[in-house]
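Me: I'd like to go through this model with you and ask why things get the labels they do. Could you show it to me?

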Amino acid sequence: MKILSIQSAVAYGHVGNSAAVFPLQRIGVEVLPVNTVNFSNHTGYGAWRGSLIAPEDVHDVILGIEERGVLPQIDVVLSGYQGGTGIGDVIVDAVRRVKAANPSAIYACDPVMGNAKSGCFVAPEIPVLLRDRVVPVADIITPNQFELGFLTGTEPTTLESTLASVDLARAMGPSTVLVTSVERPDREPGTIEMLAVDAAGAWIVQTPHLPFKANGSGDVTAALFSAHYRATGDAAAALERTASSVFDLIELTHQSGERELQLVPAQKFYADPRMQFTARRVR
């Protein structure tokens, strides 16, 4: 499998491509990383150095890949945080080019906007871009519950309302939706869930909720789920493998006392997940 991953990159720590590429490689995926920023570290520190990469330069890198005759081999286009509307246009164009070269290729979009605790942390035009122009051309989207609500103009909280919001999202274009960080009021205390829905049904997986925020964990989640789903076509299996790997990554990071994801020390959990969580069919 080959994945064209168009995301941010940092030298220190693990977000964007700096989070997604290595886990994908450890499960045997060939990754073509195209970076949209080149920063010293993620912006959560409040200070960073480096620069945004101009949309035309990102486009040129993708054009160079196309000129090597690689696009027919691309199975998945993956995107995450989009720093500006210009990058969105480049990604949508890349998806069109890849699908023209390989009609079986899919586009997996992580519609990064924010979360319930922080609200939106992207420029005001980005959520609108994602909702109106990017998500409709995606095959897989991996929003958290907050992002799902914005995309669909709803406020998902319960399992039923979250499923209803997912149905609205799927009506926009994507056939498969992974909802991360589902926090329904009636879940077991100390737990958090992920919900995967496709044409075959809906499945939810529950894991312990660690009191720790790990930048980049969503990028790893989107990457692994997209790859596992593309390989198997089985949403429940992809959900279980992803939940197993990401939980162990976050738990190891929490135990380390470090702020940054312990992406390399956790590598065995991607290649050989413990499969300690079972997805429950809910529809």
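Reply: Happy to. Let me begin with a definition: a salt bridge is a side-chain nitrogen of Lys or Arg within 4 Å of a carboxyl oxygen of Asp or Glu. Keep in mind that this is a predicted model. In it, E66, D93, R96 and R97 are linked in a network of salt bridges.

Me: What makes R97 and D93 a salt bridge?

Reply: Their closest N and O atoms are 2.7 Å apart, and the cut-off is 4 Å, so the pair qualifies. Both residues sit in helix 3, four residues apart, which means that about one helical turn separates them.

Me: Why is D93 called buried, while R97 is called partly exposed?

Reply: Buried means under 20% relative accessible area, and partly exposed runs from there up to 50%. D93 has 18%, so it counts as buried. R97 has 21%, so it counts as partly exposed.

Me: How do you know that R133 and D89 form a salt bridge?

Reply: The closest N and O atoms of R133 and D89 are 1.8 Å apart, and that value falls within the 4 Å limit. R133 lies in helix 4 (residues 125-134) and D89 in helix 3 (residues 85-101), so the pair ties together parts that are 44 residues apart in sequence. R133 is partly exposed at 41%, and D89 is partly exposed at 38%.

Me: What does the salt bridge between K99 and D139 tie together?

Reply: The N to O distance for K99 and D139 is 2.7 Å. K99 belongs to helix 3 and D139 to the loop between helix 4 and strand 8, so parts that are 40 residues apart in sequence are tied together. The structure holds twelve salt bridges, those of R133 with D89 and K99 with D139 among them.

Me: Why is E56 called exposed?

Reply: Exposed means over 50% relative accessible area, and E56 has 52%, so the label fits. E56 lies in helix 2 (residues 55-67). With D57, D60 and E67, E56 gathers in a patch of negative charge on the surface.

Me: Why does S245 count as buried?

Reply: Its relative accessibility is 1%, and buried means under 20%, so S245 belongs in that class. S245 lies in helix 8 (residues 235-256). Beyond its sequence neighbours up to four places away, S245 touches L224, F269, Y270 and P273.

Me: And what makes V179 buried?

Reply: V179 has a relative accessible area of 0%, which is under the 20% cut-off, so V179 is buried. V179 is placed in strand 9 (residues 176-182). Outside its neighbours within four places in sequence, V179 has contacts including P143, L148, V166 and M194.

Technical notes:
Residues are numbered from 1 along each chain as its sequence is written. This is a predicted model: local features need pLDDT of at least 70, side-chain atom pairs count only at pLDDT 80 or more; totals for chains, interfaces and linings use all residues. Side-chain values use heavy atoms; hydrogens and water are left out. Patches are made of residues with over 30% relative accessible area and no salt bridge: like charges are joined within 9 Å, nonpolar side chains (Val, Leu, Ile, Met, Phe, Trp, Tyr) within 5 Å. Accessible areas come from the Shrake-Rupley method with a 1.4 Å probe; for residues, only the protein chains shown count as cover. Lys and Arg count as positive and Asp and Glu as negative; His and the chain ends are not counted. The place of a charge is taken as NZ of Lys, CZ of Arg, CG of Asp or CD of Glu. Helices (H or I, at least four residues) and strands (E, at least two) are DSSP runs, numbered from the N terminus. Buried means under 20% relative accessible area, exposed over 50%, partly exposed in between (1.4 Å probe, protein chains only). Contact means heavy atoms within 4.5 Å.
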